[in-house]
Amino acid sequence: MKKLLKLIILAVLFMFFSSAAWAQLYSNVRQGTVEGYLLDRGSDFVLLEEYNGILYKLPVHEKAQLLIDNRPVLLADFLPGIEVYAQVRDGKVQFLEGYSTVNLGYIAPGSKVRTGIVARIDRDQIQVSLATGDQETYFASPVTLVQKKGVRVPLDVLYVGDRIKLYFDEAESRVASRIVIEGDSIRIKNIYKGTLNSSNRFSNSISLEDAQVFRNGSWQRHNNYMSLPYSVDIPLYIGGFKIPITNLSFYNGTTVYMVTRDFFNTERIDRMLLKNRHEAFYNGKIQDINWYTQAFELGNNKNFSFNDSTIVVKNERIVDMYSLSSQADAFVISDGFGDSRLASLVYILNEDINNSNMGSHHLYAGRLDMVVEDLVRINDFFVLNKNQWEGFDQEKELFYDNDTSLYNMEAREFISPAEFYSRPYSGNADKAKNWYAYIYTDGDRIASIGIMKNLDSLLRQRVTTGIIETIADDYHVGWTILLRNASDWSNRHESWVPKNTSVRVNLEESLVIREGKIIAPEDLRTGDRLYMVRDDFRGRVVIVK
């Protein structure tokens, strides 16, 4: 009734006001989104009223994507009064979706819910392992709302191994209207091994002697004695075979491997297996996988079998064995010897700027050839491609907006878009006044940019990944971190090479980026996973994963 009354009032207003008078009430939007109601449309424009009452008369791009209830339509199919969501770029509607009120199979929005673990990601397709043991494929649309820790985030933050909850607005739909990603509790906390001293079936806990923790590619002494709780429904394996968790007490004195996670600030065992024969460490690139025999071969010609007992860790998440892939760099803890090696744990080292093929993030370095409102042109630039800098003797245009993080690395201060294009950052005939930048983009849109007077020597730089072990404001050099389980990318071998010691990196002159925004080094936290470009001790660009 309220919607009908609003439309009647607007119709009356149209009768009494001339088009010239109305034109003065229209608001403009160059970049962003508009959500609300469709008031009118022509052959190439739409008149929208946002929920807050602001009116927009916007041209529609000739190649705009048009949907109603997730179905492709023509602009003529949009009727006045329908609720719409529009994405605007360069002053034109690039995407327009409408939501009809009469829809077969309609359910209350969000009534259909599915929960599971992400098993595969392929563009907008998400394969999910459900509690039933089945795997189903669902889809995300450009208007799917994605949330993590109660905050809206881009879909490309999703990893294989994440636990998600999907909400649907139609009974038969596989297109999620909302996706909620579980917080960092899905990530593993530690990998332990120790001698099983006892197990308590009443408290669901085990006690260990000579407990060791996995750090920097080896076992490090952790505690002479420790106790850890476990869930009664976790699987237990020995020699590749599953055994009842109730039989655990019969294996006192046996070496046990455990992967833990945080459960409401309590460290608890998430996966557990028992050592059967002989332990060995191996590191290398997976050359080939035989899925029929469930075996893989490393580049050093070592062969391993694997099955459901194998714990596969990727991006600090436990993933299923089908996440193994050829050409992946892996660290393997095996049980057995010769031709009877069973992979107990496979730690995948691979990391990239993008979490999956959903992402389109890039890192550029180059000279600012032109800076105008909304646009940056760089010349003789480099782009980080497969973890190494690749140079191009040409120009590249990138776009920025009011949401872009702009940082002067010389003065160590943020600047506004107006300051950016009004100051002399562009190149000119006087080469001494050239400015350079590290530019982190989402497609061709600049998410963050760090500006400097001299470009670093990119040949000296390397790409490093790792987990923050400690972070401190060093009295002599400023904010410095210590990375554990770190790996360097080797251009020569085209593979990740794990470090056998923790890596110390200074962040005082770094561009630190979290979820596309520049943050201060002191905003980092212990346990954060980092992907960084560094010049030995000096970090230059640090991306929080």
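Guide: A residue counts as lining a cavity when it has an atom within 4 Å of one of the cavity's grid points. This model is predicted.

Visitor: Which residues line the second largest cavity?

Guide: Phe214, Asn216, Gly217, Phe331, Tyr347, Leu349, Asn485, Ala486, Ser487, Pro498 and Lys499 do. Each therefore has an atom within 4 Å of a point in that space.

Visitor: Why is this space called a cavity and not a pocket?

Guide: A 1.4 Å probe fits in a cavity but cannot get out, whereas a pocket is open. The second largest cavity, with about 70 Å³ of space, is therefore closed to that probe.

Visitor: What makes Gly217 polar and Tyr347 nonpolar in the class count?

Guide: Gly is placed among the polar residues, and Tyr is listed as nonpolar. By these classes the lining of the second largest cavity has 6 nonpolar, 4 polar and 1 charged residues. Lys counts as charged, so Lys499 is the charged one.

Visitor: Which strand gives the largest share of that lining?

Guide: β35 does, with 3 residues. β35 runs over 478-490, and the lining includes Asn485, Ala486 and Ser487.

Visitor: How many cavities of 30 Å³ or more are there, and how much space lies in the largest?

Guide: The structure holds 6, and about 170 Å³ lies in the largest. Of its 15 lining residues, Glu316, Tyr347, Leu349, Thr465 and Arg529 lie nearest its centre. Tyr347 and Leu349 also line the second largest cavity.

Visitor: Which strands supply at least two residues each to the lining of the largest cavity?

Guide: β26, β34, β35 and β40; β34 gives the largest share, 3 residues.

Note on methods
Residues are numbered from 1 along each chain as its sequence is written. This is a predicted model: local features need pLDDT of at least 70, side-chain atom pairs count only at pLDDT 80 or more; totals for chains, interfaces and linings use all residues. Side-chain values use heavy atoms; hydrogens and water are left out. On a 1 Å grid over the protein atoms alone, a cavity is a set of points where a 1.4 Å probe fits but cannot get out, and a pocket is an open set with protein on both sides within 12 Å along at least five of seven lines; lining residues have an atom within 4 Å of a point. Grid points are joined across faces, edges and corners, and a volume is the space filled by probe spheres set on the points. Helices (H or I, at least four residues) and strands (E, at least two) are DSSP runs, numbered from the N terminus.
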